[in-house]
Amino acid sequence: AGNPSGGGPLLNNYALTLLVLFFLQTRGPPVLPTVARLRDMAGDEDCAVVGGWDCSFPRDAAALEPSTNTESPCSLLAQFFHVFGDFDFAGQVISLREGRALPLTPPDVPEGLKLGPFNLQDPFELSHNVAANVNEKTAARFGHCCRAAAKYCRSLQYSRKSSKGRAWGLTRLFQPGAVEPGAGNAGVFLISIPLDVAGGSRQLAGRGPWFWEVCAAIAFVLRDVLKCDCAAGKTPRASSEECGIPEDSAPSEEGT
């Protein structure tokens, strides 16, 4: 339940990102350091105070010690849902500064922090609850969704011990070495993206401005965000037939 605009009772994307970071801070051993640890590691050239808040952290990522956590991404994803499925969001404050949940009492809770059904402290502006807009119904729904996801993560299909169905969503990205049917390079994770058009009102063969905008957006995410190698290729025959598009007119981008 994410809300990019931050309005209404839904968790915004910033809050969801902080939840992921907090979860990674609390693993054993931690995947990410606490913000307090980053502040202690900051040198004189890294010092930054914004609005009276200490926002210092080392700018050079090479100064950070690599994590010794060896848990797989699939395991971490399942644990994320398990942890937050039964988390007491109203009875404590999630602190990325300290990397732990704080009690609702001074001095742990700074003056001015608005408490509610979902308490998630900004790691720099400590008097700001980034989930202050979340109501009881949304907090309960988030916990319910996490419990449902955790239940699925305990299934044989998620652990790839069942032949029923196929890997879906993010889990496909967590399977290095998985190869799409027909791929020639064994051990390479290949993502084929057929560019289909709903309703058939636009012709793929025309390749108007919209087509190149979509290609540029997909290439940016794969190349610059996910750091994939991108190459143009033909859409597999099965995908073309499923989409109802002739094979010779169905372009695609492939990332490895």
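Ile 94 touches residues well beyond its sequence neighbours in this predicted model. Leaving aside neighbours within four places in sequence, Ile 94 is in contact with Leu 19, Phe 22, Phe 84, Phe 87 and Phe 89. Arg 100, Asn 119, Leu 120 and Gln 121 are also in contact with Ile 94.

Ile 94 also belongs to the largest nonpolar core, which has 23 residues. Among those with the most contacts inside this core are Ile 94, Leu 19 and Phe 84. Phe 118 and Leu 120 are on that list too. H1, H3 and H4 each give two or more residues to this core. H1 provides the largest share, six residues. A second, separate core has five residues, including Leu 77, Ala 78, Cys 153 and Tyr 158.

Now take helix H4. Its 18 residues, 136–153, should span 26 Å at 1.5 Å a residue, and the end C-alpha atoms are 26 Å apart, which agrees. The buried residues of H4 fall within an arc of 140° seen down the axis, so they line one face of the helix. The face turned away from that buried side carries exposed residues.

| Group in H4 | Residues |
|---|---|
| Buried | Thr 138, Ala 139, Phe 142, Gly 143, Cys 146, Ala 149, Ala 150, Cys 153 |
| Exposed, on the face turned away | Glu 136, Lys 137, His 144, Lys 151 |

What do the buried residues of H4 pack against? They pack against strand E2 (11–12), helix H1 (13–25) and helix H3 (73–85).

The N-terminal end of H4 is capped by Asn 135. A side-chain oxygen of Asn 135 lies 3.3 Å from the backbone nitrogen of Lys 137.

How values were computed:
Residues are numbered from 1 along each chain as its sequence is written. This is a predicted model: local features need pLDDT of at least 70, side-chain atom pairs count only at pLDDT 80 or more; totals for chains, interfaces and linings use all residues. Side-chain values use heavy atoms; hydrogens and water are left out. Helices (H or I, at least four residues) and strands (E, at least two) are DSSP runs, numbered from the N terminus. The expected span of a helix is 1.5 Å times one less than its number of residues. Buried means under 20% relative accessible area, exposed over 50%, partly exposed in between (1.4 Å probe, protein chains only). The arc is that of the directions from the helix axis to the C-beta atoms. Contact means heavy atoms within 4.5 Å. A polar contact is a pair of N or O atoms within 3.5 Å; within protein, one must be able to donate a hydrogen and the other to accept it, and residues adjacent in sequence count only if both atoms are side-chain atoms. A nonpolar core is a set of buried Ala, Val, Leu, Ile, Met, Phe, Trp, Tyr and Cys residues joined through side-chain atoms within 4.5 Å.
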